[in-house]
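Q: Could we read through this structure together, feature by feature? I would like the general idea each time, then the case at hand.

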Amino acid sequence: MLERSHLADNALQALHDEDYDVPFNTQSLNHAGLIFMGGRAVENLAGDWTFCVDLLDTGLRQKWFSMLPEAPENRTEPWDYDPYLGETVPVPSNWAMLKEKWYFFEGSAWYTRPLDVGDIDEIRRQFLRFGAASYDCKIFLNGEFLGNHYGASTPFCVELTGRLKRGRNWIMACVNNTRTRDRVPMRNTDWFNYGGLYRDVSFFETPKSLIKDFFLYLVPDGTGARIRAEVEIDGSAQETAKLMIPELGIEREITLDEAGMGRIEIEVSPELWCPENPRLYDVAVSYGEDRVTDRVGFRQIERRGTDILLNGEPVFLRGISVHEDDAELGKVTNESDLRRRFEHARELGCNYLRLAHYPHHERAAELADELGFMLWEEIPVYWAIDFANPATYRDAANQLQELVKRDRNRASVIIWSVGNENPDTDARLKFMQGLADTCKKLDPTRLTSAACLVNHAQNRIEDRLAEHIDIIGLNEYYGWYEENFDDLAAIGENSNPDRPVVISETGADGVIGPKGPEKGLFSEDYMADVYRKQIATLRRLNYVKGMSPWILYDFRVERRQNIFQNGYNHKGLIAADKKTKKKAFHILADYYHQIATGDEDARKAS
Ligand code: GCB
């Protein structure tokens, strides 16, 4: 609890101690504390929080979190920031989008808000859940440090039980988006480094013993006749939990072991989920006083040779890549933004989306479940990650676990991707292999992938990682970064992969309107031409089982500064206004609609 802190006591230490942040970099809130949320009542803490950017980390040095709330006239010594007074910002938000002077700000920022609670029920537990905090987040309650989380796009929980007092409490979060060599992603990316609390923060209560995790799936044995449920109880006191799926007539006890883990297999043949029939079942799990719910689809995704099979049938992934990016909101998304995204994908004729390059908002996969889209989900193991660094591996593995645990009940998610365009070194191979194995351990029901490499000297797909993943993702930019288009046809012919290839990216920048050149690079016509040529070449390759061109919408990024780019990557099929379609949109749509209308041969015909 808060005790008066005296700046004077701490003044020299605050100036001289360059290890000021070490006690707070604990990563103690990484995946271990994540709690299954389906159906839980929460109090959304959206709204105004007091806010301050803190370039020099003065807050951690001076311990701003331990200042008592009081009126300025009652303070008896000077102070550099008052967490309880001053400027406010809305949560969720990215600070870059709020003020021009914060646009490129990288560093720590402090968020503070009160949490008022009534009588505290001793037999309940209290938690905060952060949907995402970019990138490093340190949480304080009433001046006490509660823990630290790394990773910009996955959720985490922090327990408040025993620490709350009746009446007013104060939550503070120190969020830091500094890019460093050892982080995931590292310093260099092709998307904007948005900082902040940009997804929902919520407060919730549970009984003393709670359902911490719940995983339900069709057993991947090809029969479609068995489902398996796995539960994990925190603080178990009773011996069984109960699983209910009314539409399948299921009401079954799950026996728990001493560690609170339980698993059950049930012979049943549910109607299967697929894009054409996105069938979901209402599911509930109860344990003592605790109860969670979910809507779950059952489906099987596998690879056989170079085929991808959905429920035993070959499927071609008609996809598009998407970032989480908005001209006004940055990385903040909402229901209508997500629905618009799926409507555009539908218009394109897609049955699949690649959610690049980090875990997107969890609502995206819920909507994909309902609307019938398959998804590729990904962690930001991007470009030249510090592969030899064990701390970097722990960070990547943590983000992967948080993503998988968050979304593994979503039938729409068919692929976990463990990396994108990484240099081919031994350290990288070991790192990515470890991640691919982690996927399979946490979730035996999905395929793994990564954007792999091409041997440009020999013009063929060649990546040592390929044998450790199910699908070879290939980012290729023939017609754009790679000038000689004929090389793509050569790669097609020279490669003989033993597993499916999905073109995880291809595309070109096309700037709409007066800003763009009429002809040549960066023009809409040039972009359209690249799409035409790509489709003509790729449709002949039998082992290509899907594509997700780059990208649905233009997106903001620091590194694109030529006179046509102006801080944007313009490879969107739709401009950054999320309205204006470019010519290439219609070319891809024509192709996908041809395939979708059953003329599978159209895909291969020249
Ligand atoms: C890539 C990256 C993607 C970039 C894209 C581009 O290969 O995976 O993040 O945005 O190319 O536009 O260069």
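Q: Why does Cys-274 form no bond with the closest cysteine sulfur?

A: A disulfide is a pair of cysteine sulfur atoms within 2.5 Å. Here the sulfur of Cys-274 is 17 Å from the closest one, in Cys-350, so the distance is too far for a bond. Before we go on: this is a predicted model, where local features need pLDDT of at least 70 and side-chain atom pairs count only at pLDDT 80 or more, while totals for chains, interfaces and linings use all residues. Residues are numbered from 1 along each chain as its sequence is written, and side-chain values use heavy atoms, leaving out hydrogens and water.

Q: How far is the sulfur of Cys-174 from the closest cysteine sulfur, and how many disulfides does the rule give?

A: For Cys-174 the closest sulfur, in Cys-137, is 7.8 Å away, again too far for a bond. The count by this rule is zero disulfides.

Q: Is Cys-174 buried or exposed?

A: Buried means under 20% relative accessible area, exposed over 50% and partly exposed in between (1.4 Å probe, protein chains only). Cys-174 has 1% relative accessibility, so Cys-174 counts as buried. Cys-274, at 15%, is buried too.

Q: Which residues lie nearest the centre of the largest pocket?

A: Rolling a probe the size of a water molecule over the atoms shows where empty space is left. A pocket is an open set of points on a 1 Å grid over the protein atoms alone, where a 1.4 Å probe fits, with protein on both sides within 12 Å along at least five of seven lines; lining residues have an atom within 4 Å of a point. Of the 36 lining residues here, Met-37, Gly-38, Arg-129, Glu-362 and Glu-366 lie nearest the centre.
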